[in-house]
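Visitor: I'd like a close look at the enclosed empty space in this one. What lines it, and what sits around it?

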Amino acid sequence: MTMTTNTTENVLVVEAQAIGMIGVIRSLGRAGYRVHAAARDPEAPGLHSQFATVSVTHPSYEHDDFLPWLRRYIREQDIRCIVPSEGFLIAIREAFDEFRALLPDAPDATSLYRCFAKTEVESWCAEHGDEALKQQVPKAAVMARNDSISASDFQSWQWPLWLKTDARDADDNASGGVQKIAAQAELQQAVSGALDTHRQCLLQEHVPGVKATVNLWRHQGKIRARSMCVAMHENPHTGGLTAYRKFWWHEAICRDAERRLEVLDWNGVAMVEYRWDAASQRFWFLELNARYWNALNLDLLAGKDFPRWQIDAFFGKTIHEDLSPGPVGFAARYTVPADIGYLMSLLRDGNVSAGKKLRACIEWCWLAIDPRVKSDLWFKGDRGLYWRAWKTFFTRLGKPA
């Protein structure tokens, strides 16, 4: 967990406010890279990481000054590599070829931006000749502007429905998101609202189970590293950000994820998201997140050093391979704010029994003292971010959203 002395390569890591990118900063910083942590907000936690060599703020992606700032910063700071986020890649889309050489494992623009649209991933897999790609999926429909829609078309689907949009398809810098549609009466208005700001959207039916993810690094057309985790807590508790998770393994899900990356011609890192139902032993592919994932710190704590491996290969140092399942059962949680959010969402839910709420409180307290359960932010050499997160939480507690 110690930093090395090799500090010759300057690497720009964007979105330093995101927990997954904090993991990237830590991985590369302790490997000895000169990490330039970047964010729009000066309070972004990653800017305060002990593994950041330089911390810098920049104009918002939507601002006309962003690309000139980026070009100037690359030139003046001798940036040799950029670890991107989805937002960053959307921001540079019109100038992608200018920056492509700095992006590790970057495919051509067509392949790259296809993988940042849930609608295109859905259509690409549905239209592919491999029938296996059509088996483990929920019912779904891609909706575009001027498409007619009738609630009766979805009567046989499992409700609620989930409406998904992507920043890649947005007008006027709107963000992407996920919206729950609980009843047929809400469907028309929800889809119309989404298509007012996005060129297309994806509707998926509900499937049971918990979130399970396959985390992959594909380099030069070959899977080089992988891990899997399954959610124990999500925020909110009805489904969302994975707040507490453990290493897990499911061979069929892993094979399905690797095949999808191959078909999509994706090189780089990706988190492939599934729903796993233990009762029926079934799983469903939900979406592809072609970037570093929120649970990356779990991988780092378990010895799966994805960012270092990817950047070492980018600089031609070595190509590391780790296809092992890792320490199955190893667990970590994003304690604050995510796992607190899980508990609070459960306590506020009037449909949850008092007994279940009490058990959840006891479990939450037990996890806080169980030495087997790690915390994302309680990271050797960088534990100040853990205390900073608590300070931010208490400062904001009680303030209007």
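Guide: Sorted by class, the lining of the largest cavity has 13 nonpolar, 4 polar and 3 charged residues. (Nonpolar here is Ala, Val, Leu, Ile, Met, Phe, Trp, Tyr, Cys and Pro; charged is Asp, Glu, Lys and Arg; the others, Gly among them, are polar.) Keep in mind that this is a predicted model, where local features need pLDDT of at least 70 and side-chain atom pairs 80 or more, while totals for chains, interfaces and linings use all residues. Numbering runs from 1 along each chain as its sequence is written, and side-chain values use heavy atoms, with hydrogens and water left out.

That makes 20 lining residues for the largest cavity, and those nearest its centre are P84, P104, W266, V269 and A290. Two elements, α3 (86-91) and β12, give two or more residues each to this lining. (Helices are DSSP runs of H or I with at least four residues, strands are E runs of at least two, numbered from the N terminus.) Its volume comes to about 190 Å³, taken as the space filled by probe spheres set on the grid points, which are joined across faces, edges and corners.

How many cavities of 30 Å³ or more are there? The count is 2, a cavity being a set of points on a 1 Å grid over the protein atoms alone where a 1.4 Å probe fits but cannot get out, with lining residues having an atom within 4 Å of a point.

The second largest cavity has a volume of about 40 Å³. You'll find K118, V121, E122, L202, Q204, F285, L286 and E287 around it. Here α6, β8 (200-205) and β13 each supply two or more of the lining residues. Its class tally is 4 nonpolar, 1 polar and 3 charged.

Now follow those elements over to helix α8, residues 251-264. Among the things that cover its buried residues are α6 (118-127) and β13 (282-289), which we just met at the second largest cavity, and β12 (268-277), which we met at the largest. The cover also includes α5 (109-114), β9 (210-219) and β10 (222-235). The α8 residues beneath are I253, C254, D256, A257, E258, R260, L261, V263 and L264, with buried meaning under 20% relative accessible area by a 1.4 Å probe on protein chains only. So D256, E258 and R260, which count as charged, are on that buried list too. Right after α8 comes D265, with a positive phi near 60 degrees.

Since you may be eyeing the cysteines around here: the structure holds 0 disulfides, a disulfide being a pair of cysteine sulfur atoms within 2.5 Å. For C115, the closest cysteine sulfur is in C125 at 8.8 Å, too far for a bond. C201 isn't in a disulfide either, as the nearest cysteine sulfur to its own is again that of C125, 18 Å away. Both of these unpaired cysteines are tucked in: C115 is buried, with a relative accessible area of 1%, and C201 is buried as well, at 0%. C201 belongs to β8 by its number, and β8 is one of the elements that line the second largest cavity. C125, for its part, falls within α6, residues 118-127.

Key
Buried means under 20% relative accessible area, exposed over 50%, partly exposed in between (1.4 Å probe, protein chains only). Contact means heavy atoms within 4.5 Å. On a 1 Å grid over the protein atoms alone, a cavity is a set of points where a 1.4 Å probe fits but cannot get out, and a pocket is an open set with protein on both sides within 12 Å along at least five of seven lines; lining residues have an atom within 4 Å of a point.
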